[in-house]
Amino acid sequence: MAACICALAWNAAAQSAQTLVRPPDISFRNEVQHAIDQGVQWLQSNQNTNGWWSTADQPALTALALSALMGEPSGALRATPTPGVARGYKFITDHAKPDGGIYEKGLMNYNTSICMMGLMAARNPQYDGVLRKARQWLISRQVDLNGTGTKNSPLDCGGGYGDGGNHADMNNTMTALEALYYSKYLEPTGEKTPAGARDLNWAAAIRFVESCQNLPPFNTEPWVSTDSRDKGGFVYEPGESKADAVTNAAGRTALRSYGSMSCAGLLSYVYANVKPDDPRVLGVYDWLRNNFTADENPGMGQQGLYYYLHLMTKALTIYGIDQLPLMDGQSVDWRREVAMKLINLQNADGSWANEDGRWREHDPVVATFYAVMSLEILYRGL
């Protein structure tokens with residue numbers, strides 16, 4: 001489900017502004033399909049016999065591998081699941097807790113959000129019961145520092161890893177918003193609404209997202225950068241960036257924006273139904289235009305490259321952009337750029353891996369499911 005929905009344009013104005021109508025490039029689509037096929041075959045042959053991928057203690061990784069398999073353009077694995085696919089889904093559902101969370105140990109919110117996306121990718125109503133409980137559990141995990149459901153600090157009302165405390169960050173907030181956005185079809189309505197059912201405080205979640213954006217005057221925190229290179233982009237959480245910080249002569253420290261979290265910021269605004277012409281949305285879109293590259297995760301180099309390419313692919317697809325207008329007046333066929341980068345990085349055995357081990361991308365399972373999912377979305381737009 002997720003891959004198909006991501007192919008829909010969210011920004012109708014941006015989509016209608018496209019001036020170039022091009023016929024499908026059959027030859028290039030075949031190249032992308034070949035890369036997908038190789039990646040899918042590699043994932044299938046590198047599944048543990050117990051159903052999981054990479055590690056048994058983080059079911060999210062298995063859910064991401066299954067999302068990559070379910071997104072294969074022909075839909076064959078979804079229509080006729082292989083025994084391996086069936087084992088993978090059993091592994092996930094076996095981790096569903098009585099209270100609705102889906103995890104083994106640690107990273108409870110992250111695992112639940114990603115597992116929900118993996119289950120929805122199967123398009124199988126047999127998982128609806130698990131998904132409904134997971135949805136309510138995830139909603140209940142929204143950070144609420146003062147117990148009032150209202151935002152009283154920059155750190156309030158987002159989503160964290162869920163391991164205790166009151167941590168919230170952009171990445172976990174985005175994954176939670178994504179799972180809730182795509183699972184809205186499971187919302188109870190009218191008299192069918194069970195007692196105690198609730199929805200996310202979406203307005204407060206938007207304010208948390210805003211608190212991670214380098215965009216004065218919407219964000220007035222002292223760490224917000226006034227450098228034009230950072231304007232509109234995102235950091236990891238209020239007061240922390242995984243990219244560099246810059247301290248001026250007066251001792252003021254500003255946090256730099258970086259690629260993967262800026263894509264997460266745009267996606268979060270989309271999932272929270274912030275209007276496409278909202279200044280906060282336009283701000284991050286302009287940051288992406290100003291910093292577009294398929295060669296690195298802007299601000300982070302090779303760290304998190306595959307995750308960045310995956311989030312950028314989803315963000316620009318759902319925003320509705322074909323030719324990306326860069327800030328220097330040029331435009332770029334971003335789908336071709338990203339697809340070529342991934343094709344050129346693919347190993348002979350069909351896998352991908354990042355030489356930089358940050359965020360586990362040295363694990364070929366992790367890099368491969370990000371690459372395959374990206375190529376599947378790109379394929380549909382070529």
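# Chat about Glu72, odd backbone spots and empty space

Me: Hi! Where does Glu72 lie?
Reply: Glu72 lies in the loop between α4 (59-70) and α5 (76-79). Helices here are DSSP runs of H or I with at least four residues, strands are runs of E with at least two, and both are numbered from the N terminus.

Me: Before we go on, what kind of model is this?
Reply: This is a predicted model, where local features need pLDDT of at least 70 and side-chain atom pairs count only at pLDDT 80 or more, while totals for chains, interfaces and linings use all residues. Residues are numbered from 1 along each chain as its sequence is written, and side-chain values use heavy atoms, leaving out hydrogens and water.

Me: Thanks. Back to Glu72: how far away is the nearest side chain of opposite charge?
Reply: That side chain belongs to Arg380, 7.3 Å away, and Glu72 is buried yet has no salt bridge. Buried means under 20% relative accessible area, exposed means over 50%, and partly exposed is in between, with a 1.4 Å probe and protein chains only. A salt bridge needs a side-chain nitrogen of Lys or Arg within 4 Å of a carboxyl oxygen of Asp or Glu. For charge, Lys and Arg count as positive and Asp and Glu as negative, with His and the chain ends not counted.

Me: Which side chain does the side chain of Glu72 make a polar contact with?
Reply: The partner is the side chain of Ser74, at 2.4 Å. A polar contact is a pair of N or O atoms within 3.5 Å; within protein, one must be able to donate a hydrogen and the other to accept it, and residues adjacent in sequence count only if both atoms are side-chain atoms.

Me: And what else does Glu72 touch?
Reply: Leaving out residues up to four places away in sequence, Glu72 touches Gln33, Asp37, Val40, Glu376 and Arg380. Contact means heavy atoms within 4.5 Å.

Me: New topic, backbone oddities. Is the peptide bond from Pro216 to Pro217 cis or trans?
Reply: The bond from Pro216 to Pro217 is cis, with omega near 10°. Pro217 sits in the loop between α10 (202-210) and β1 (245-247). For background, most peptide bonds are trans, and most residues other than glycine have a negative phi.

Me: Speaking of phi, is the phi of Leu107 positive or negative?
Reply: Leu107 has a positive phi of about 50° although this residue is not a glycine. Leu107 is in the loop between α6 (83-93) and α7 (108-121), and is partly exposed at 26% relative accessible area.

Me: What about the phi of Trp359?
Reply: Trp359 is not a glycine either, and its phi is positive, near 55°. Trp359 is placed in the loop between α14 (334-345) and α15 (364-381), partly exposed with a relative accessible area of 38%.

Me: Let's talk empty space. What volume does the largest pocket have?
Reply: About 480 Å³. The lining has 22 residues, with Tyr110, Tyr161, Asn171, Trp359 and Tyr370 nearest the centre, so Trp359 turns up again here. On a 1 Å grid over the protein atoms alone, a pocket is an open set of points with protein on both sides within 12 Å along at least five of seven lines, a cavity is a set where a 1.4 Å probe fits but cannot get out, and lining residues have an atom within 4 Å of a point. Grid points are joined across faces, edges and corners, and a volume is the space filled by probe spheres set on the points.

Me: Which helix gives the largest share of that pocket's lining?
Reply: α15, with three residues. α4, α11 (259-271) and α15 each supply at least two.

Me: How many cavities of 30 Å³ or more are there?
Reply: Two. The second largest cavity holds about 120 Å³, and 17 residues line that cavity, with Gln142, Gly158, Gly159, Ala176 and Leu200 nearest its centre. The largest share of its lining, five residues, comes from α9.

Me: Last one: is Tyr127 buried or exposed?
Reply: Tyr127 is buried, at 10% relative accessibility. Tyr127 is in the loop between α7 and α8 (128-140). Beyond four places in sequence, Tyr127 contacts Tyr89, Thr93, Leu119 and Ala122.
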